[in-house]
Each structure stands twice: as structure tokens, then as C-alpha cells.
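Thanks for coming. I will walk through one model this morning, starting at a loop and ending at a helix.

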Amino acid sequence: LSLKRWMAEDVEFKLPGWLKLSGGILLGFLALSLVGSAILKHQVNLRTAELRQINQEMEQRINERTAQLAAINTEQISIFETASTGIVLMRARTVVHCNRKFEEIFGYGPGEMDGKPTRVWYPDDEAHAIGGDPVYAQLARGETHRRSQQLIRKDGQLFWARISCRALD
């Protein structure tokens, strides 16, 4: 409008060539970016679907294996608790857990032996030493240790026992 007022002729507005070129390049770049973004999004969605499927399969296998292990554990606990032989799990000559039959043999109540040192089974320190270092050396070699030895019940009564030991990892 200002140009019209001062000039008699109409001036047509023109964009400079460099601006047109820059705008075209920018629009082309934006179009390529949108296409690239769409392609990447599609690839990400495909890979995400694959990973979800793999994850579901792994979860299913984990659940199946967990159920198998639970069944095996229940079976082993049943065998451990109903065995007609005394069974004890020890660590560093301390009772970790034993079955009910083992407690009955020694005259202890349910759970009473858990955490007790094995020294309570022996009438004296000399008898206790027999089950010490030589036995642990044999077990460390992967061998089974067997012996008969006189042990003592909670009430002080002596009895003969056949002992069989094996190390577990």
C-alpha cells in the first residue's frame, strides 16, 4: 500500500530465489523426515510385537518350570519327612534341618534339633573328633563316609548308630 501511494505503478511482491530454494529444501527434508519416522515407527512396532511374543513364551516356560520344581520339591519334602531312616542336613557341624525320624532317634521334639551343634550327639569330645576333619576331607574328595559309632540321646542314653555322610553342593 505504501508503495502504491508513492508510486504510480503496481509493484508485484516476489519472494527471493534463495528463499524459495531454502523453503523447497526444508519441505523436502520435512517430508523425508516424516517418511523416515513412519518407517522407524513401523519397525519399532514390529520388533516390540516380536519381543512381547518372546517374553510371553519365556514366561510360559518359567511358569511350567516353576510348577515342575514345586512338584519335585513337594515330592522331596515328602520323601525326607516320611523316610524310616534319620536324615540330617548340616553345615559346619551344625544342624540346618533334619527329618522327624532323626529327631525321634535322638529323643528330640519337632524342630528342636535345628541350629544345634553336632557335639550334642556325642558322649565326649573324643567321640566328636572322630566325625571331624578326617570325615570332611573324605567328603571333600566326593566320597561317601560310612562308620558305626556310639552316640548319645537327649536323655543321656547311649546307642550304636550306622552313619553315612555325603557332601551336597
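Let us begin with A92, which sits in the loop between β1 and β2. Helices here are DSSP runs of H or I with at least four residues, strands are runs of E with at least two, and both are numbered from the N terminus. Before going further, the conventions: this is a predicted model, where local features need pLDDT of at least 70, side-chain atom pairs count only at pLDDT 80 or more, and totals for chains, interfaces and linings use all residues. Residues are numbered from 1 along each chain as its sequence is written, and side-chain values use heavy atoms, with hydrogens and water left out.

Back to the loop. A92 has a positive phi of about 55 degrees although it is not a glycine. Most residues other than glycine have a negative phi. R93 is found in the loop between β1 and β2 as well, and R93 has a positive phi of about 60 degrees, again without being a glycine.

Are these two buried or exposed? Buried means under 20% relative accessible area, exposed means over 50%, and partly exposed is in between, with a 1.4 Å probe and protein chains only. A92, at 63% relative accessibility, counts as exposed, whereas R93, at 19%, counts as buried.

The strands on either side of this loop form a hairpin with two residues between them. β1, residues 88–91, pairs with β2 in the antiparallel sense over four bridges; strands pair if DSSP finds at least two bridges between them. One bridge joins L89 to its partner H97 in β2.

R93 also leads us to helix α4, where H128 is placed. Leaving aside neighbours within four places in sequence, H128 is in contact with R93, T118, R119 and Y122; contact means heavy atoms within 4.5 Å. H128 is buried, with a relative accessible area of 17%.

Next, the core. A nonpolar core is a set of buried Ala, Val, Leu, Ile, Met, Phe, Trp, Tyr and Cys residues joined through side-chain atoms within 4.5 Å. The largest one has 16 residues, and those with the most contacts inside it are F102, F106, M113, W121 and L151. At least two residues of this core come from each of β2 (94–98), α3 (100–106), α5 and β4. The biggest contribution is from β4, with four residues. As for F102, not counting residues up to four places away in sequence, it touches G86, I87, V88, M113 and W121.

Now the aromatic rings. How many aromatic pairs does a search of the whole structure find? Five. Rings of Phe, Tyr and Trp (its six-membered ring) pair if their centres lie within 6.5 Å; planes under 30 degrees apart count as stacked, over 60 as edge-to-face and the rest as tilted. F106 and W121 have ring centres 5.6 Å apart and planes at 35 degrees, so this pair is tilted. F106 lies in helix α3 and W121 in the loop between α3 and α4, so the pair ties together parts that are 15 residues apart in sequence. Both F106 and W121 are buried.

F106 has another partner, F159, and that pair is edge-to-face, at 5.4 Å centre to centre with 75 degrees between the planes. Since F159 is in strand β4 and F106 in helix α3, the pair ties together parts that are 53 residues apart in sequence. Ring pairs link F102, F106, W121, Y122 and F159 into a cluster. R153 lies over the face of F159, at 4.2 Å from the ring centre; the criterion is NZ of Lys or CZ of Arg within 6 Å of the ring centre and within 35 degrees of the ring normal.

Last, helix α5, residues 133–140. Which residues of α5 are buried? V135, Q138 and L139. Seen down the axis of α5, they fall within an arc of 100 degrees, so they line one face of the helix; the arc is that of the directions from the helix axis to the C-beta atoms. On the other side of α5, D133, P134 and A140 are exposed. The cover over the buried residues includes α4 (125–130), β3 (145–152) and β4 (158–165). Just after α5, G142 takes a positive phi of about 85 degrees.
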